Structure formats: structure tokens, C-alpha cells
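Here is my note on the model you sent round. Please read it with the coordinates open.

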Amino acid sequence: MKYFIIPIILSLFLYNFFKVNLPTICETDFDYISLQSNSFVELFSNYFSVKYVFYGSFNNQKVVVKKLRGDLSSDLYSETNTNFQICPPSLLADFLGLISMENSTMAMYWHSILRVNAEPLLLQVLKAEHAWPVPRYFGMYGRCLVESHCGVALNAFKNADWHVRAELTLQLLNAAKRFTGRHPNFRFYLTDVSPDNIAVSDNLQVTFVDLENVIVTGKHNI
């Protein structure tokens, strides 16, 4: 019986965690996100995650919820996030100008978010809807980023058939070309590329799911 009670207690903890601590800033209604596990890895992450990554469902779509580390309000005047670099720094205003500022409540947090984790901003510049190999951005709920669930880690395909591995390799090469040449104004260099940070969908679509560590340069500066 105790083996059933422990997950229930943990579920209640996670429920209260999301409901109480997150409503700091909000772009849309995430009241109906439910935690769901489709594998042992996701089940373990939902109950014991130390990386602040949770798996669930929103509007009948699989999503990943990432808690941004740090306190957005206290990071307004902190040192620059070393995981995100833009060169030259004078291009920061142009970079932020690419993001929709329709929600004035969110706009005031962009610089603070940038000091914690630039991924929410990058997902609004490199939009999955425009065929960039990144997750779809659903929005932010408090200090959490909600994005699409894009499949299993690339590691799962290390023993796949040769033609499957060749297809995935070709997509990785094309993605590198896109990140550094497709955008009209900027080049994007991911600095923490590993099999764990790349997801593969059921139809073998490759997606880069960790955009926290990135160097952005002006396309005409180098």
C-alpha cells in the first residue's frame, strides 16, 4: 500500500508547486496542464526531477514544462547570463526587437529572463512554425517555460539501422547550416550540443530541445 501512497503524495506536491509558486507572469491560460508520463524516464522526471523538467499535456498536446532557475524579480540587476552571449552586445536591442511585444506585461521581463535562461526568447525568434528545428513555444507560466514535446533523446537511436542513422545525421548537418545561415540578421551557435539535448519524433524529425547555451552574432559582423 505504501508504494501507492508515495506517488500520490508526490503528485499533490507537484500540483501545489505549480499552482502556488508559478503565477508571477503569465502569457496564456495554463491552468489545465496535467502531468503525464509516457515512459519510465518521463515518470521518473515528473516525480524526482532535479533538472526542473516535467512532462505533461496541454490542450491535448504533449508538452514539456521547464522551470527557469533563479528568481526573475531578483535577477533584474544580476550579472549577465554567461550561457547566452550576443556579439557585439550592441545588437541586443535588435535581437529583442524580433520578439513580439504585444503583451506589454511580458515585455518588461525580457531582460530579466535573458539573465536567467534565454531559451524562451530564442524560441520566439527561431519559431518551430517557420520550420526551425526547435520546439514549439506555447508561452510562460510564472517561471516555467511550456514547449512542445518533440520525442525521445537521440541516444535511443545509436543502434538503429544504418539508413535511419544516416537520415538523422543529414538532418543534424542541415540544422547546423540553418542555425548559422538561414536567419537574415543573426547567426546562432549552440554551445551545449549533445545527444541528450536533441530529440527525435516518431516520424524521425530532429529537434534541438535545449537552447540555454547559445552564442548569437550579427550576420554581417563576422
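The numbered points below go from the overall picture to single residues.

1. **Status and overall make-up.** This is a predicted model. The protein has seven helices and 11 strands. It has 222 residues, of which 42% count as buried. The exposed surface comes to about 12700 Å². Carbon and sulfur atoms supply 56% of that area.

2. **Contact range.** Take the contacts between residues at least 6 apart in sequence. Of these, 67% join residues at least 24 apart. Two of the salt-bridge pairs in point 5 can be read with this in mind: one spans 53 residues, the other 81 residues.

3. **Strand S2.** How many of the six residues of S2 are buried? Six of six, across residues 53-58. General background helps here: side chains in a regular strand alternate between the two faces of the sheet. In S2, one side carries Val53, Tyr55 and Ser57, and the other carries Phe54, Gly56 and Phe58. Every one of these residues is buried, and both faces of the strand are covered.

4. **The S2-S3 hairpin.** S2 pairs with S3, residues 61-67, in the antiparallel sense. Six bridges join the two strands. Within this pairing, phenylalanine 54 has valine 65 in S3 as its bridge partner. Two residues lie between the strands of the hairpin. Asparagine 59 takes a positive phi there, near 55 degrees.

5. **Salt bridges on lysine 66.** How many salt bridges does a search of the whole structure find? The count is two. One joins the side chains of lysine 66 and glutamate 119, at 2.9 Å from N to O. This pair links distant parts of the chain: lysine 66 is in strand S3, and glutamate 119 is in helix H6, residues 119-125, 53 residues apart. Lysine 66 also forms a salt bridge with glutamate 147, with the closest N and O atoms 3.2 Å apart. That pair, too, links distant parts of the chain: glutamate 147 is in strand S6, residues 144-148, and lies 81 residues from lysine 66. Lys66, Glu119 and Glu147 are thus linked in a network of salt bridges.

6. **Burial of that network.** Are these charged partners buried or exposed? Lysine 66 and glutamate 119 are both buried. Glutamate 147 is buried as well.

7. **Leucine 121.** Helix H6 also holds leucine 121. Leucine 121 counts as buried because its relative accessibility is 0%, and the cut-off is under 20%. Which residues does leucine 121 contact, leaving aside neighbours within four places in sequence? They are Phe95, Leu96, Ile99, Trp110, Ile113 and Leu114. For phenylalanine 95, the C-alpha separation from leucine 121 is 9.3 Å. These two residues are 26 apart along the chain.

8. **The S7-S9-S10 sheet.** Three strands form an open sheet in the order S7-S9-S10, with antiparallel pairing. S7 (152-153) and S10 (206-208) are the edge strands, each pairing on one side only. S9, residues 198-200, pairs with S10 over three bridges. Across this pairing, alanine 199 has threonine 207 in S10 as its bridge partner. H7 packs on the sheet and touches S9 and S10. The direction of H7 makes about 40 degrees with that of S10.

9. **Glutamine 171.** This residue sits in helix H7, residues 162-181. Why does glutamine 171 count as buried? Its relative accessible area is 15%, so it falls under the 20% cut-off. Not counting residues up to four places away in sequence, glutamine 171 touches Leu204, Gln205 and Val206.

10. **Strands S8 and S11.** S8, residues 186-190, is mostly covered, with four of its five residues buried. Five bridges join S8 to S11, residues 214-218. The two strands run antiparallel. Leucine 190 stands opposite valine 214 in S11.

11. **Cysteines.** The disulfide count is zero, taking sulfur atoms within 2.5 Å as the rule. Cysteine 144 is buried, with a relative accessible area of 1%. Cysteine 87 counts as partly exposed, because its relative accessibility of 37% lies between the 20% and 50% limits.

Notes:
Residues are numbered from 1 along each chain as its sequence is written. This is a predicted model: local features need pLDDT of at least 70, side-chain atom pairs count only at pLDDT 80 or more; totals for chains, interfaces and linings use all residues. Side-chain values use heavy atoms; hydrogens and water are left out. Buried means under 20% relative accessible area, exposed over 50%, partly exposed in between (1.4 Å probe, protein chains only). Contact means heavy atoms within 4.5 Å. Accessible areas come from the Shrake-Rupley method with a 1.4 Å probe; for residues, only the protein chains shown count as cover. Two strands pair if DSSP finds at least two bridges between them. A salt bridge is a side-chain nitrogen of Lys or Arg within 4 Å of a carboxyl oxygen of Asp or Glu. Axes are lines fitted to C-alpha atoms, for helices over the stretch in contact, and angles run from 0 to 180 degrees between N-to-C directions.
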